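Colleague: I have not looked at this one before. Can you walk me through it?

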Amino acid sequence: MAGTGIATSFALPMITGNVHARDSAAKPGHLKSVSRSENINRAIAAYDALQQYFYKENSKLYLEEYPNQSDNPYSYVWPFSQAMAGTVDLFGIRNGSVGADYADDVQDRLDALELYWNPNKDPKGYDSYVRPPYGGGGDIFYDDNEWIGLELIQLYRMTGDQRFLRRARQIFDLVVHGWDDDPSHPKPGGVFWTQAPWSDDRNTVSNAPGAELGLHLYQLTDEDERKQYYLGWSKRMYDWVNEYLQAPNGLYWDHVNMDGTITKWIFTYNQGTMIGVNVLLYEITEEESYLTEAERIADRALEYFGKANRLFEEDMAFSAIFFKNLLLLQKIKNNPKYLKAMQKYANEIWQNARDPETNLIKRGDDPTHLLQQSAFVQINASLAWVRPDYINLA
């Protein structure tokens, strides 16, 4: 797209390291120890299946599920954003030519992403469904836009391309617009989940990743006034979640309803994004209390989801976000238990939730969902990153 769009080519990061054995087959069976090259091979296998079964080459869009049983010919933007995240994570692997191999694929994701962008709304943002001529568009969801903003931050950190930073700033302005400024509401404040008229929820997932986005922008901005804007709003979102959605066990509930009641679901991605916010606040302020809080949430979440098979009952897309935020903490603390938990999860999924004939995630007779296959790519690809590169994660 011309002008302020982001769907044009970009510079590649420097890729260094040893060439991996791309053609070596991933071996089935229980793997007590998994090498980096094996994680790379798994990520490539998962991605190749994603492209074979979901990708619509003419439009550069994806199916929502395979086999497609939806009335929609293409996916909503939330699953698309996770397919884009998997592609970006592959692009970030610095091992021989692996990352560079996916530059064109990242460009294809950026081209398709523009098909969701609604320039007619004020403020602008990504619609929940693809816009004409491919679809009728949809409502704006703040969390959908936040995930995309974080992916653009990751691309900016990897490439230095200012277009990604400009669009991420637009998205953060949209998130601020979503703040509930009516003081008469129960538990006032917080970013709404969506602009759709059928929901007035204010969620951990519409506030914590918004705070993450703002804190990344703070780190990447030189102008003092803008820095204070990003930091001030990010802390406001963070404080709201802590005040109203932290459970007695120290983890985070899902959302506040407009009558003031709380829906007390506990999901992995809500814990992960709050870990990420605390890590970023520690980096910005150098206050140890934030790092201590990130470690506390991580320990409590690993304990909670490690019981009664809870982790494997979670949506894999939620868990991919959780684990990638653990890597943000790993960047600072280098605690082996974080990577150990992530690798253990990846091994279990590879062994027991993957169809070895297709490399698709399978759960019984249900179709494979784009969200799950994309998360499968993300988890294996980000496990193949090395710790010095975690500075690029968002």
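Modeller: We can go through pockets, a helix pair, a sheet, cavities and some backbone oddities. Keep in mind that this is a predicted model.

Colleague: Start with the pockets. What volume does the largest pocket have?

Modeller: The largest pocket has a volume of about 430 Å³. Its lining is made up of 23 residues, and the closest to the centre are Trp78, Phe141, Asp143, Asp144 and Trp193.

Colleague: Which elements give two or more residues to that lining?

Modeller: Those elements are helix H2 (77-91), helix H5 (142-159) and helix H14 (370-383).

Colleague: And how does the lining of the largest pocket split by class?

Modeller: There are 13 nonpolar, 5 polar and 5 charged residues in the lining of the largest pocket.

Colleague: OK, what about the second largest pocket, how much space lies in it?

Modeller: The second largest pocket holds about 280 Å³. It is lined by 13 residues, and Leu302, Gly306, Leu311, Ala341 and Lys344 lie nearest its centre. Two or more lining residues come from each of helix H10 (288-305), helix H11 (310-313), helix H12 (316-333) and helix H13 (336-352).

Colleague: Which of them gives the most?

Modeller: H13 does, with 5 residues. By class, the lining of the second largest pocket has 8 nonpolar, 2 polar and 3 charged residues.

Colleague: You named H10 and H13 there. At what angle do their axes cross?

Modeller: The axes of H10 and H13 cross at roughly 35° and come within 12 Å. The crossing of H10 with H13 is left-handed.

Colleague: Which residues make the contact?

Modeller: From H10 they are Glu295, Ala298, Asp299 and Leu302, and from H13 they are Lys337, Tyr338 and Ala341. In class terms that contact has 4 nonpolar, no polar and 3 charged residues. Leu302 and Ala341 also appear among the residues nearest the centre of the second largest pocket.

Colleague: Changing topic. In what order do the strands of the open sheet run?

Modeller: The order is S6-S7-S8, with 3 strands and antiparallel pairing. Strand S6 (202-203) and strand S8 (262-263) are the edge strands, and each pairs on one side only.

Colleague: How many bridges join S6 and S7?

Modeller: S6 and strand S7 (residues 255-256) pair over 2 bridges, in the antiparallel sense. Arg202 has Val256 of S7 as its bridge partner.

Colleague: Now the closed spaces. How many cavities of 30 Å³ or more are there?

Modeller: The count is 2. The largest cavity has about 210 Å³ of space. Its lining has 17 residues, with Trp147, Leu150, Ile321, Lys324 and Ala394 nearest the centre. H2, H5 and H12 each give two or more residues to that lining. The class split for the largest cavity is 8 nonpolar, 5 polar and 4 charged.

Colleague: Last, the backbone. Where are the cis peptide bonds you would point to?

Modeller: One runs from Asp122 to Pro123, with omega near 0°. Pro123 sits in the loop between strand S4 (117-118) and strand S5 (125-126). Another runs from Pro132 to Pro133, with omega near 10°. Pro133 is in the loop between S5 and H5.

Colleague: And what is the phi of Glu286?

Modeller: Glu286 has a positive phi of about 60°, although it is not a glycine. Glu286 lies in the loop between helix H9 (268-285) and H10.

Colleague: Why mention these?

Modeller: Because most residues other than glycine have a negative phi, and most peptide bonds are trans.

Terms used
Residues are numbered from 1 along each chain as its sequence is written. This is a predicted model: local features need pLDDT of at least 70, side-chain atom pairs count only at pLDDT 80 or more; totals for chains, interfaces and linings use all residues. Side-chain values use heavy atoms; hydrogens and water are left out. On a 1 Å grid over the protein atoms alone, a cavity is a set of points where a 1.4 Å probe fits but cannot get out, and a pocket is an open set with protein on both sides within 12 Å along at least five of seven lines; lining residues have an atom within 4 Å of a point. Grid points are joined across faces, edges and corners, and a volume is the space filled by probe spheres set on the points. Helices (H or I, at least four residues) and strands (E, at least two) are DSSP runs, numbered from the N terminus. Ala, Val, Leu, Ile, Met, Phe, Trp, Tyr, Cys and Pro count as nonpolar, Asp, Glu, Lys and Arg as charged, and the others, Gly among them, as polar. Axes are lines fitted to C-alpha atoms, for helices over the stretch in contact, and angles run from 0 to 180 degrees between N-to-C directions. A crossing is left-handed if the near helix is turned anticlockwise from the far one by less than a right angle, and right-handed if clockwise. Contact means heavy atoms within 4.5 Å. Two strands pair if DSSP finds at least two bridges between them.
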